[in-house]
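Colleague: I am new to this structure and would like a close look at one part of it, with the surroundings described step by step. Please explain each term as you come to it.

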Amino acid sequence: MGDDATKTRYIQCVLCEASCGLQVQLAADGEIVDMRGHAEDPLSRGHICPKAFALKDLHEDPDRLRRPVRKIDGQWVEVSWQEAIEYVARRIHEIQTAHGQNALGVYLGNPNVHSLGALTQGLQLVRSLKTRNVFSATSVDQLPHQVTSWGLYGHQFLLPVPDIDRTDLLVLIGHNPMASNGSMWTVPAFPQRRRELAARGGRLVVIDPRRTETAKVADQHHFIRPGTDVYALLAILRTLLSRGSRAAAYVDGIEEVRAAVEPFTPEVAESLSGMPARAIIDLADALWSAERAAVHGRMGLSTQAFGVIGQWAVQLINIVTGNLDREGGTMLSAPVIDSVARGLIGKGHLGAWSSRVRGLPAFGGELPVAALREEIETPGEGQIRAMLTIAGNPVSSTPAGQRLGDALAGLEFMAAIDFYINETTRYAEVILPPTGPLERDHYDLIFHILAVRNTARFSEALYPKSEEQRHDWEIARDLNLALRKERGQPAEGEDLLRLQTSPRQQLDFLLQTGSPRTSVRELAETPGGIDAGPHVPQLPERLFTQDKRVDVAWPLVLEQVAELAEQVRSGQVWQPREDELLLIGRRHQRDNNSWMHNAPSLIRGRPRHHLLMHPTDARARGIEDCALVTVTSEVGKVEVDVALSEDMMPGVVSLPHGYGHDQDGVRLSRARQLPGVSINDLTDPDRVESVAANSVLNGVPVRVAPAGLQDH
Ligand SMILES: Nc1nc2c(c(=O)[nH]1)N[C@H]1C(S)=C(S)[C@@H](COP(=O)(O)OP(=O)(O)OC[C@H]3O[C@@H](n4cnc5c(=O)[nH]c(N)nc54)[C@H](O)[C@@H]3O)O[C@H]1N2
Ligand SMILES: Nc1nc2c(c(=O)[nH]1)N[C@H]1C(S)=C(S)[C@@H](COP(=O)(O)OP(=O)(O)OC[C@H]3O[C@@H](n4cnc5c(=O)[nH]c(N)nc54)[C@H](O)[C@@H]3O)O[C@H]1N2
Ligand code: SF4
Ligand SMILES: [Mo]
């Protein structure tokens, strides 16, 4: 407890998947006078990172919208909630009536999964819009994970996570948790957990084209040519299968896999990936002989052409070494609210429909966002003529982003649910701003599924919302109700009841029927929440496959593995041209995708927008450190400062994403002063992953030259 003048509150940070518990000291006037990681939190154990302090900046940010705005004659004008909601509902209704339901496109951004109200009333709104043109940040991110879990385990959210607290060998591929704090894996306090791994004699191995912050604390780091992990992983799998298989009794199809990976020798893998054959064999041996080992592949592996094959191979490596569903291996959580078992999240389905223009497959009710621009720009039946974006910034975060922006400018109507006028929402006609993270109640329906320990934590709003504000769930509810009124189909029965039940009440019901049973009240009175212990084995019972077995010989994947083998045999494997470098992304501890650059506490310090480049590549092009260079890809060209770095694999350059805010119409006074460009003005929507069309954001071929030189 604080002294007389201050009050101690326990909340949760929602800025990333680590989901840290925070201890906040409030002065009598409500000012945050101290913030720290909550040491007693059973999941996050006191962890905090610089972004959490920026929650205060976000809360106080004068650029953050608190009332709806409407663009009238090019000027933003504040309007009442009623007027704004009714107007948006009417325009959506008019356009869907005139051109069909699919004429409305929806884009859901990442922060939706970090808001309880977005997952309750927000998703209910999306369903009520009845369009097939739903897109989200999933397809520039973790789609291959979900597809792989669906294909192997029968449910897109049966996602095993490394049991870092008990493993002896942790292998991370295309993942940089020292900066990102973990992903598809809620592992707060990664640095501390990594130190504990070392203290018990365990090892960390990193495979990444950049010597990242995580690579620097690893026992071993291997460079790999971007986009070629699949060859190294198939070679590791092949080497393992030559030793044997420790797959569980519920696993079928190992022999087919053994045959399929036969062509991928460590030597073939070395020639394509740059990872030495010796290192591949040694890593396979280490995985085979470790008592307990866990392999996790993340952004770098997902956002490449063979992202699903790569994620499948990761699962197979864990399966074949006997580490799936085993303490110290990769394990499934048993969350108090089991959104998977209770059917709150669908199992997933692939290709039930396809995008109109390019025929890219839908997964789990969503189309790949790489198809969004062409769906807006290509005339014909089913063309998108209006957009609703919810907590998303696709102009910054999806391939050829600015071209998408140009397409948004040509829409008949666009609305956004967002509290910033940024690179995307500036194209909207109406913006409906929800309350911010400190003004709303929260419970993680998603990240408890991915957490390294079973816990349950409720986070109560630190501040009440002001009279003028609305929560995201209220906006979604009111828009839903207004739309139904427009349609002459008022909401009724269970639907209406759910619309009107606050997320907190819905949560309470879920907690009271959870396991172990608890309640909002109990959690609110328990700082840090309850600890339901470490993970325990749950397979095969928890599988969603019909026969409760795992068939690893998944035809879709094996066909592609055969195709890859054929490409290797015939020498048809894609290679960049001689003058091309491969562009990859990166994250920094003090960036948060595209949207926290207005926070003074985060943009302090040395600039970090640079193109990182190996000195050898720079020398070959006559580029000096700190010079201005042009970077040209198939779709765009940018000018940016270069920083030479031995941490880069030769032949590879890196830009962070979420930069480049200085644009007309963007109302982010501080972010606009930040140097940097958007990497997604270089990434190419035509480059998509082979199974589910996730965007290929890494390994993009580019040419780099000193600025001012004519570039041919
Ligand atoms: N090249 C490249 N591109 C990438 C990536 C990469 O590594 N490289 N990473 C990809 C990944 S992993 C992701 S997740 C995506 C993210 O892509 P997006 O989700 O499209 O973009 P964000 O930058 O997260 O922007 C979030 C938006 O939500 C708003 N917002 C924040 N909180 C709330 C809220 O509570 N409610 C509402 N309604 N709005 C809110 C912010 O103002 C901002 O406009 O970017 C992807 N793009
Ligand atoms: N500080 C901070 N934390 C964040 C975010 C943030 O923006 N800032 N964003 C959050 C979000 S939405 C997400 S999804 C997570 C993502 O978390 P991470 O998966 O850790 O994301 P990145 O830092 O982009 O790491 C991807 C790594 O893959 C490497 N890489 C690129 N191409 C390849 C390749 O072809 N093969 C291999 N093996 N590696 C490759 C890159 O060099 C990079 O180190 O982070 C979350 N946490
Ligand atoms: S790691 Fe940082 S941003 Fe992520 S939840 Fe924890 S405090 Fe928040
Ligand atoms: Mo993400």
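Modeller: Arg 243 is partly exposed, with a relative accessible area of 38%, where partly exposed is the range between buried (under 20%) and exposed (over 50%), taken with a 1.4 Å probe and protein chains only. The model is predicted, so local features need pLDDT of at least 70 and side-chain atom pairs pLDDT 80 or more, while totals for chains, interfaces and linings use all residues. Residues are numbered from 1 along each chain as its sequence is written, chains are lettered from A and ligands numbered from 1 in the order in which they are written, and side-chain values use heavy atoms, with hydrogens and water left out.

Arg 243 belongs to helix H8, residues 229–243, a helix being a DSSP run (H or I) of at least four residues, numbered from the N terminus. Once neighbours within four places in sequence are set aside, Arg 243 is in contact with Ile 281, Asp 285 and Trp 288, contact meaning heavy atoms within 4.5 Å. With Asp 285 there is also a polar contact, side chain to side chain, at 2.5 Å; the term stands for a pair of N or O atoms within 3.5 Å, of which, within protein, one must be able to donate a hydrogen and the other to accept it, and residues adjacent in sequence count only if both atoms are side-chain atoms. Thr 321, although 78 residues from Arg 243 in sequence, has its C-alpha 9.9 Å from that of Arg 243.

The range of H8 begins at residue 229, and this leads to ligand 2, for a polar side-chain atom of Asp 229 lies 2.6 Å from a nitrogen atom of that ligand. An N or O atom in the side chain of Asp 208 is likewise 2.6 Å from an oxygen atom of ligand 2, whereas Asn 593 places a backbone N or O atom 2.7 Å from an oxygen atom of the ligand. On its own, ligand 2 has 910 Å² of accessible area, and the protein covers 98% of this, with areas from the Shrake-Rupley method and a 1.4 Å probe. Two helices, H5 (177–180) and H12 (299–302), are the elements that give two or more residues to the shell around ligand 2. In total there are 30 residues around the ligand, each having a heavy atom within 4 Å of it, and Ser 180 and Asp 591 are among those that come nearest.
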